[in-house]
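Visitor: Please pick one part of this structure and take me through it closely, charges and greasy bits included. I'd like one connected story rather than a list.

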Amino acid sequence: MEYVNLAGIVLGSTVITEALKYFLQYRTQKKLKHAQIENLNVQANDVVISNLLKWSEKMEQRIDELEKDNLAMKKDNREMKVIITKQRERINDLEVYTEKLEHKLKKHQEKK
């Protein structure tokens with residue numbers, strides 16, 4: 001009977017040891033998977049942040065370019081307004097001159 005008890009104890013302790021070993025491996029694997037998932041999340045967040053920073057820098061460059069273009073256009077607009085004003089004055093002068101010539105032509109035609 002002692003051999004049966006001894007065999008039962010040995011067998012029971014082996015089963016308990018294997019169960020404990022399996023449980024520890026399961027917990028270790030679970031922690032490892034969790035750590036891998038966390039690492040992937042951190043890497044993904046790093047990529048997202050990096051992309052946002054690049055996008056932000058590009059947008060800042062584009063805004064600077066547009067502001068420079070806008071200033072250049074304002075300067076061009078001012079120059080064009082000056083040119084247009086001078087052309088209007090010249091047109092007015094030419095209209096006055098044309099009216100004078102028409103008036104002289106009428107006087108000349110009346111004399112004939």
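**A close look at the middle of the helix**

Guide: Let's begin with charge: the protein carries 22 positive and 18 negative side chains, and the centres of those two sets sit 6 Å apart. Keep in mind that what you see is a predicted model.

Before zooming in, here's the backdrop. One helix and zero strands make up the secondary structure, and that helix, H1, covers residues 2–111. The C-alpha atoms fill a box of roughly 160 × 20 × 10 Å along the principal axes. The radius of gyration is 47 Å, where a compact globule of 112 residues would come out near 13 Å. Buried residues account for 0% of the 112 residues. About 11,300 Å² of surface is exposed, with carbon and sulfur atoms supplying 61% of it.

Now for the stretch I'd pick. Start with the nonpolar side: Val48, Leu52, Trp55, Met59 and Ile63 make a nonpolar surface patch of about 500 Å². Take Ile63 as one of its members; its place is in helix H1. Ile63 has 43% relative accessibility, so it counts as partly exposed. That value also clears the patch cut-off, because a patch member needs over 30% relative accessible area.

Numbers from that same stretch of sequence turn up in a charged group too. Glu57, Glu60, Asp64 and Glu67 form a negative surface patch. Glu67, one of those four, belongs to helix H1. With a relative accessible area of 47%, Glu67 falls between the 20% and 50% limits and is therefore partly exposed.

Which two side chains meet in a salt bridge here? They are Arg62 and Glu65, at 3.5 Å from N to O, and the structure holds just this one salt bridge. Both residues lie in helix H1, three residues apart, which is about one turn of the helix. Neither partner is tucked away: Arg62 has a relative accessible area of 42% and is partly exposed, and Glu65 is partly exposed as well, at 42% relative accessibility. Why is Glu65 missing from the negative patch? Patch residues must have no salt bridge, and Glu65 has one, so Glu65 is left out.

Next comes Leu66, also found in helix H1. Leu66 is partly exposed, with a relative accessible area of 42%. Leu66 is handy as a ruler point: Leu66 and Lys33 are 33 residues apart in sequence and 49 Å apart in space, C-alpha to C-alpha.

Asn70 gives you a second ruler point. Its place is in helix H1, and at 39% relative accessibility Asn70 counts as partly exposed. Between Asn70 and Val47 there are 34 Å from C-alpha to C-alpha, for a separation of 23 residues in sequence.

Carry on along the chain and the sign of the charge flips. Lys74, Lys75, Arg78 and Lys81 gather in a positive patch on the surface. Lys74 lies in helix H1, and its 43% relative accessibility makes it partly exposed.

So how does the stretch read from start to end? There's a nonpolar patch that includes Trp55 and Ile63, then a negative patch that includes Glu60 and Glu67. Arg62 and Glu65 are paired in the salt bridge. After that come Leu66 and Asn70, each in helix H1, and then the positive patch that includes Lys74 and Lys81.

How values were computed: Residues numbered from 1 in each chain as written. Predicted model: local features only at pLDDT ≥ 70, side-chain atom pairs only at ≥ 80, totals over all residues. Heavy atoms only, no water. Patch = residues over 30% accessible without salt bridge, like charges linked within 9 Å, V, L, I, M, F, W, Y side chains within 5 Å. Areas by Shrake-Rupley, 256 points an atom, 1.4 Å probe, with all protein chains shown as cover. Salt bridge = Lys/Arg side-chain N within 4 Å of Asp/Glu carboxyl O. Lys, Arg positive; Asp, Glu negative; His and termini not counted. Charge placed at Lys NZ, Arg CZ, Asp CG, Glu CD. Helix = DSSP H or I, 4+ residues; strand = E, 2+ residues; numbered from the N terminus. Buried < 20%, exposed > 50% of the residue type's maximum accessible area, 1.4 Å probe, protein only. Rg over C-alpha atoms; globule rule 2.2 N^0.38 Å.
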